[in-house]
Amino acid sequence: MSEALQGIWYDGNSSRAVTAELQVSGIETLVLKAGEAQYSAALSEVTVAARLGNSPRRIDFPNGGAFETSDNDAVDRLVLTTGNSSHTWLRRFETSWRLLAAAAVILAMVAWGVFQHGIPAAAKNMAAIIPPAVLESLGAQTLAGIDRVGLDETRLPAARRVEISNQFDIVVAAAAMNDVDCRVEFRSAKATFGPNAFALPPCVIIVTDELVELAQNDAELTAVIAHEVGHIKYRHSLRRIIQDTFLTFIFMLMTGDSTQISATLAAAPALLLELGYARDFEREADAFAAAYMRAADIPLRAFPDILERMERWYPKDECTGEDCPALDISDDGASFLDYFSTHPATSERASMFAVDGGLGK
Amino acid sequence: MSEPNDADLIAGDAAESPSINTIPFVFEGKGGEYFGIWITNIFLTVLTLGIYSAWAKVRNLRYFYRSTSLDGAHFDFHANPVAILKGRLIAVAFFILFAVVSELSPIGGLVLTVVLALAIPWIIVRALKFRFANTSYRNLRFGFDGSYSGAMKEYLLMPLLLIPSLGLLWPYIRYRQQRYIVSNVRYGRSKAGFTGPWIPWFIAGVPLVLVALLGFAVPAIYVAIKLQAALASAAASAEEADGQVVINTDGMEADPFAEMGPIFVLAILAFYLALPYYIVKTRNLLFEATSIGAHHFESTMRTFKYMGVVLLNLFIVIFTFGFGIPLAKVIMAKYKAETLTLICEGDLDQFVAQEQEAVKALGEELGEAFDIDIDI
């Protein structure tokens with residue numbers, strides 16, 4: 001007879017608890033003594049539960065009864081002697097601090113890679129195979145929505161609108177997008193967005209009267225239009241939808257079994273990631289604008305110039321949250337606060353054009 | 001009253017009146033130990049592109065169940081991970097379908113929303129059946145016998161009353177849902193009972209409902225109305241200004257966002273007081289109302305203590321960049337267990353098993369995939 005395991009026997013027919021003792025007897029036979037009763041079973045007939053930390057576990061007998069014990073090490077020895085060693089590698093992993101530390105480091109790296117590169121790349125590839133026309137109704141709804149809330153009919157003279165439309169057509173042609181119909185729309189937004197431009201899917205660009213009035217020359221206007229065409233060319237609205245879907249799904253998986261309060265707090269890191277993606281889109285659109293301006297021989301300074309003027313149009317303290325214009329950022333230098341904004345710092349954006357501008361002119 | 005000893009127990013068993021014992025729930029899990037299980041779960045889930053998540057779920061729950069003891073005996077969880085995996089795959093497929101369809105066609109999204117709404121009671125019943133049938137204590141299984149029509153009434157029809165009552169009936173609806181769940185649970189052959197008036201539940205929810213209505217809904221409506229008016233007047237003044245660029249937007253002192261800002265901030269603060277208050281009160285009420293056989297429960301959670309635990313956990317999670325989540329979960333489980341006692345008449349040996357029907361009905365695992373949280 002080998003060592004005896006101490007535990008409690010539950011017969012499976014009732015909730016009665018009986019102090020019990022389990023021993024290996026002879027070859028591969030378990031003998032269980034529970035009070036007056038005694039059961040024996042071949043080792044191959046019982047089910048030994050996998051070990052989980054030091055939580056108590058059960059040995060299930062073929063008659064429906066179960067032996068519950070906290071003596072995990074003794075059960076491990078029992079399992080080892082019989083060669084029934086399933087799950088021991090999992091147990092080894094879960095208790096080896098070296099393996100756990102390695103897993104933690106790998107997980108942190110994987111998370112960084114997925115959020116920084118994986119999701120944007122996946123969204124980019126998926127957006128490329130979806131025809132732009134599927135976003136027609138979304139764009140139309142958005143336009144109807146902002147028309148209702150913040151836009152009025154344009155007061156620009158028709159001749160001026162035609163001039164700008166022609167500029168726009170040249171930029172669109174240069175962007176080489178063969179499967180969309182593009183048009184520019186003019187709106188007045190005096191009390192709301194002010195000088196600004198928006199890109200809506202599949203390919204509508206809205207230019208406000210205030211932007212046209214704020215621009216000191218057509219080069220500045222073309223720069224902003226080229227930036228918006230960049231958003232269209234790289235399908236940012238579709239990619240944003242796909243990325244947000246991925247994020248929602250991943251965070252749903254990660255917080256699936258959390259409590260109600262922590263679930264609301266988990267939204268914060270997801271929001272920071274979304275803002276990070278938005279800034280990457282702005283950089284991509286800026287890069288398109290810069291490339292176009294260089295090719296079309298437009299002075300690169302025009303873009304930072306109008307950005308700065310637009311920024312000044314919005315007094316800093318009044319620009320908060322959703323009131324902020326799409327092209328504005330009220331912080332001059334790179335700082336911690338940049339993580340909370342939809343656009344890169346203007347100084348960073350200007351530097352892209354300033355360096356190139358020096359060479360290009 | 002003195003501590004009951006063995007002699008008392010034996011005497012109580014033999015004599016005419018059974019003795020009353022209070023038996024505490026004990027959580028024996030350890031943060032460090034659970035950390036290993038937790039990170040291994042995530043690591044293998046990532047490595048297998050999510051397939052392992054079903055096994056991870058079982059190991060997670062099993063650790064918490066097995067670490068919870070009552071009267072020296074431990075709970076256990078018996079679900080088959082393959083069943084959970086199947087359910088999750090179906091749920092993921094539906095989620096992707098839903099996301100794609102609702103982005104592309106609002107009407108298609110609406111149709112799917114209606115389908116999902118009709119399926120909710122069914123999913124809830126399935127999830128509860130799955131969870132309870134796979135939970136055991138002293139080698140006896142729990143069970144859930146709730147009907148689909150009952151769930152339909154409590155989870156689909158009753159919530160419709162929220163609309164005419166402007167949300168005020170929400171605490172009462174929650175009370176009915178909890179009553180539906182508890183009164184359909186059984187342990188072995190013994191059905192659980194639920195006795196308790198709805199009024200305390202209603203009172204527990206009043207602060208939360210008031211915060212939602214007065215702190216969020218009313219100010220939001222106010223802002224919307226003001227914005228509408230501001231836009232109308234701005235349009236009018238723009239006519240007068242006639243094309244001239246107005247640098248300073250007038251009427252900033254009447255900016256409704258700025259006006260309502262402090263109220264929103266206060267409402268958020270009040271929300272994080274009212275929510276824990278509601279959670280704690282209803283948890284206590286739930287266990288007070290529950291009985292099984294001649295046994296009753298007592299839950300003595302306190303709102304501020306609970307908030308302390310939540311805040312502590314929040315700091316742990318933030319300052320460990322998430323790696324402290326297992327410790328936080330163990331701390332919460334310990335607090336939940338130590339505030340819960342069973343008021344036991346006689347002993348716990350008298351429950352009898354129900355013949356186990358082969359519970360293999362389609363969709364139980366599907367319900368589990370939607371992760372409806374059930375506290376024990």
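The dialogue below walks through several features of this predicted model, from the meeting of its chains to single residues in its loops.

Reader: I would like to begin where the two chains meet; how many residues of chain A are in contact with chain B, and which helix supplies the largest share of that side?

Author: A useful way to read such a meeting is to count the residues, then ask which elements they come from. Here 44 residues of chain A are in contact with 50 residues of chain B. On the chain A side, the elements that each supply at least two residues include β1 (5–10), α2 (88–95), α3 (97–129) and α8 (236–254), and the largest share, 5 residues, comes from α3(A). Sorted by class, that side of chain A has 19 nonpolar, 13 polar and 12 charged residues.

Reader: Turning to the interior, which residues have the most contacts inside the largest nonpolar core?

Author: In soluble globular proteins, nonpolar side chains tend to be buried together. In this model the largest nonpolar core has 44 residues, and those with the most contacts inside it are I205(A), V207(A), A223(A), I225(A), A226(A) and A289(A). If neighbours within four places in sequence are left aside, A289(A) is in contact with A223(A), A226(A), H227(A), G230(A) and F303(A). Apart from that core lies another, of 42 residues, among them I39(B), V125(B), F144(B) and I181(B).

Reader: Is L5(A) buried or exposed, and how should I tell?

Author: One counts the C-beta atoms around the residue, and L5(A) counts as buried because it has 21 C-beta neighbours inside 10 Å, where 20 are enough. L5(A) is found in strand β1 of chain A, and its contacts beyond four places in sequence are with E21(A), L22(A), T69(A), D71(A), A74(A) and V75(A). From L5(A) to I205(A) there are 200 residues in sequence and 77 Å in space, C-alpha to C-alpha.

Reader: At what angle do the axes of α7 and α11 of chain A cross, and which residues meet there?

Author: For a pair of helices, one reads the crossing angle and then the residues that meet. The axes of α7 (residues 218–233) and α11 (residues 302–313) of chain A come within 8 Å and cross at roughly 85°, which means that α7(A) is roughly perpendicular to α11(A). From α7(A) come A219(A), E220(A), A223(A) and V224(A), which meet A302(A), F303(A), D305(A) and I306(A) in α11(A). This contact has 6 nonpolar, no polar and 2 charged residues.

Reader: How do α2 and α11 of chain B cross?

Author: The axes of α2 (residues 31–47) and α11 (residues 325–338) of chain B come within 8 Å and cross at roughly 130°, so α2(B) is oblique to α11(B). The contact joins G31(B), Y34(B), F35(B) and W38(B) of α2(B) to I325(B), P326(B), L327(B) and V330(B) of α11(B), and its residues divide into 7 nonpolar, 1 polar and no charged.

Reader: Which backbone features in the loops of chain A deserve a second look?

Author: Most residues other than glycine have a negative phi, and most peptide bonds are trans. The peptide bond from P201(A) to P202(A) is cis, with omega near -5°, and P202(A) lies in the loop between β10 (197–200) and β11 (204–208). R235(A), in the loop between α7 and α8 of chain A, has a positive phi of about 55° although it is not a glycine, and D297(A) has a positive phi of about 60°.

Reader: Which of R235(A) and D297(A) is buried, and which is exposed?

Author: R235(A) counts as buried, with 24 C-beta neighbours inside 10 Å, whereas D297(A) is exposed, with 9 other C-beta atoms within 10 Å.

Conventions: Residues numbered from 1 in each chain as written. Chains lettered and ligands numbered in written order. Predicted model: local features only at pLDDT ≥ 70, side-chain atom pairs only at ≥ 80, totals over all residues. Contact = placed C-beta atoms within 7 Å. Helix = DSSP H or I, 4+ residues; strand = E, 2+ residues; numbered from the N terminus. Nonpolar A, V, L, I, M, F, W, Y, C, P; charged D, E, K, R; others polar. Core = buried A, V, L, I, M, F, W, Y, C linked by C-beta atoms within 7 Å. Buried ≥ 20, exposed ≤ 12 C-beta atoms within 10 Å, placed from the backbone. Axes fitted to C-alpha atoms, helices over the stretch in contact; angles between N-to-C directions. Parallel < 35°, antiparallel > 145°, perpendicular 65-115°, else oblique.
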